[in-house]
Amino acid sequence: MATFIVLLGPPGVGKGTQARILAEAKKLAHISSGDLFRENIKNKTELGNHAREFIDKGELVPDDVTIGMIRERLNRPDCKAGAILDGFPRTPVQAMALEKMLADFNGQISAVPYITAPEEVLVGRIGGRWTCRLHGHVYHQMFNPPMKAGVCDIDDSELYQREDDKVETVTMRIRVYLEQTIPLVEYYRKTGKLVEIDGTKPVELVSKDLCSAVSK
Ligand code: ADP
Ligand code: ADP
């Protein structure tokens with residue numbers, strides 16, 4: 001049976017950073033809804049143009065569009081053994097749709113790590129985030145700087161600051177998270193799969209906690 005790990009947590013807590021590490025360690029695919037949207041925006045697809053209107057305002061992209069995009073991604077061969085889901089689901093409707101999709105794939109959610117940090121930590125992390133143009137690798141100007149300023153260590157591409165990472169939009173994204181995504185915490189707690197992870201620690205320590213949480 002294919003194994004899926006759902007990473008829950010507010011914007012900027014480190015989901016993307018941890019998802020990459022965990023995907024490599026567990027030999028699972030990494031599915032980031034935010035990265036998929038940004039790829040579509042870069043390629044000027046119809047989906048990208050539509051999603052951009054919501055993303056730039058810090059709102060969620062409508063459920064039907066998001067669910068369709070994830071379904072298509074889950075159908076690719078690299079998800080056969082399972083995947084780390086980073087940024088999806090973000091609403092109860094998406095969580096229900098995921099259950100249905102996994103049933104079709106003979107897959108199941110094995111764990112839901114819920115990474116947390118206080119709002120001031122999130123704002124500090126997002127404010128210093130630099131993202132690579134080519135593959136979305138992330139850096140932080142203080143906590144995880146690239147070897148050469150403005151250049152990705154892994155693929156040499158340019159680093160940029162996301163349009164939706166400016167302060168006004170971040171406040172909106174945190175509000176949207178509290179209103180629309182927080183209900184998923186109780187939903188997954190009831191399934192017995194939720195594991196709380198302290199996201200304020202340095203990257204390596206969060207990874208360690210995460211690895212032992214998903215291995216149980
Ligand atoms: P998310 O995917 O949850 O929005 P990211 O993984 O993109 O979060 O991390 C947000 C920012 O914080 C990035 O600049 C990243 O380098 C940095 N970061 C991630 N985890 C940590 C950590 N444990 N300690 C300090 N900075 C971190
Ligand atoms: P974060 O760093 O806030 O975790 P992401 O890269 O996951 O950011 O998402 C960036 C934006 O993409 C979100 O603010 C939202 O507009 C859109 N988005 C990402 N995932 C979803 C989703 N599952 N449902 C709706 N919108 C999403």
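Which backbone N or O atom lies 2.6 Å from an oxygen atom of ligand 2? In this model, which is a predicted one, the atom in question belongs to the backbone of Glu 59, and the surroundings of that ligand make a convenient place to begin.

Ligand 2 has 19 residues around it, and Ser 33, Glu 59, Gly 87, Gln 94 and Arg 173 are the ones that come nearest. Besides the contact with Glu 59, a nitrogen atom of ligand 2 has a backbone N or O atom of Val 61 at 3.1 Å, and an oxygen atom of ligand 2 lies 3.0 Å from an N or O atom in the side chain of Lys 15. Taken alone, ligand 2 would expose 550 Å², and 96% of that area is buried by the protein. Helix α2, which covers residues 33-42, supplies the largest share of this shell, namely four residues. When the shell around ligand 2 is divided by class, six of its residues are nonpolar, five are polar and eight are charged.

Lys 15 leads on to ligand 1, for this lysine is also among the residues closest to that ligand, together with Thr 17, Arg 129, Tyr 139 and Lys 201, in a surrounding set of 18 residues. Several backbone atoms approach oxygen atoms of ligand 1: a polar backbone atom of Gly 14 is 3.0 Å from one, a polar backbone atom of Gly 16 is 2.9 Å from one, and a backbone N or O atom of Tyr 139 is 2.8 Å from one. On its own ligand 1 exposes 560 Å², of which the protein buries 93%. The elements that contribute two or more residues to its shell are helix α1 (15-26) and strand β6 (138-140). By class, the shell around ligand 1 holds eight nonpolar, six polar and four charged residues.

From the ligands we can turn to empty space. Rolling a probe the size of a water molecule over the atoms reveals where such space is left. The second largest pocket has a volume of about 710 Å³, and its lining consists of 27 residues, with Asp 35, Arg 38, Glu 39, Lys 42 and Tyr 160 lying nearest its centre. Two or more lining residues come from each of β2 (29-32), α2, α3 (46-55) and β5 (129-132). Helix α2, already met in the shell around ligand 2, gives the most to this lining, with six residues. The lining of the second largest pocket comprises seven nonpolar, seven polar and 13 charged residues.

Strand β5, one of the elements that line this pocket, also belongs to an open sheet of three strands, which runs in the order β6-β5-β7 with antiparallel pairing. Because β6 and β7 (159-160) stand at the edges and have a single partner strand each, one side of each of them is left without a neighbour in the sheet. The antiparallel pairing of β5 with β7 extends over two bridges, and the bridge partner of Thr 131 in β7 is Tyr 160, a residue that is also among those nearest the centre of the second largest pocket.

Two details of the backbone remain to be pointed out. Most residues other than glycine have a negative phi, and most peptide bonds are trans. Against that background, Lys 27 has a positive phi of about 55° although it is not a glycine, and its place is in the loop between α1 and β2. A cis peptide bond, with omega at about -5°, joins Phe 88 and Pro 89, and Pro 89 is found in the loop between β3 (82-86) and α5 (92-105).

Notes. Residues are numbered from 1 along each chain as its sequence is written. Chains are lettered from A and ligands numbered from 1 in the order in which they are written. This is a predicted model: local features need pLDDT of at least 70, side-chain atom pairs count only at pLDDT 80 or more; totals for chains, interfaces and linings use all residues. Side-chain values use heavy atoms; hydrogens and water are left out. A residue is near a molecule or strand if one of its heavy atoms lies within 4 Å of it. A polar contact is a pair of N or O atoms within 3.5 Å; within protein, one must be able to donate a hydrogen and the other to accept it, and residues adjacent in sequence count only if both atoms are side-chain atoms. Accessible areas come from the Shrake-Rupley method with a 1.4 Å probe; for residues, only the protein chains shown count as cover. Ala, Val, Leu, Ile, Met, Phe, Trp, Tyr, Cys and Pro count as nonpolar, Asp, Glu, Lys and Arg as charged, and the others, Gly among them, as polar. On a 1 Å grid over the protein atoms alone, a cavity is a set of points where a 1.4 Å probe fits but cannot get out, and a pocket is an open set with protein on both sides within 12 Å along at least five of seven lines; lining residues have an atom within 4 Å of a point. Grid points are joined across faces, edges and corners, and a volume is the space filled by probe spheres set on the points. Two strands pair if DSSP finds at least two bridges between them.
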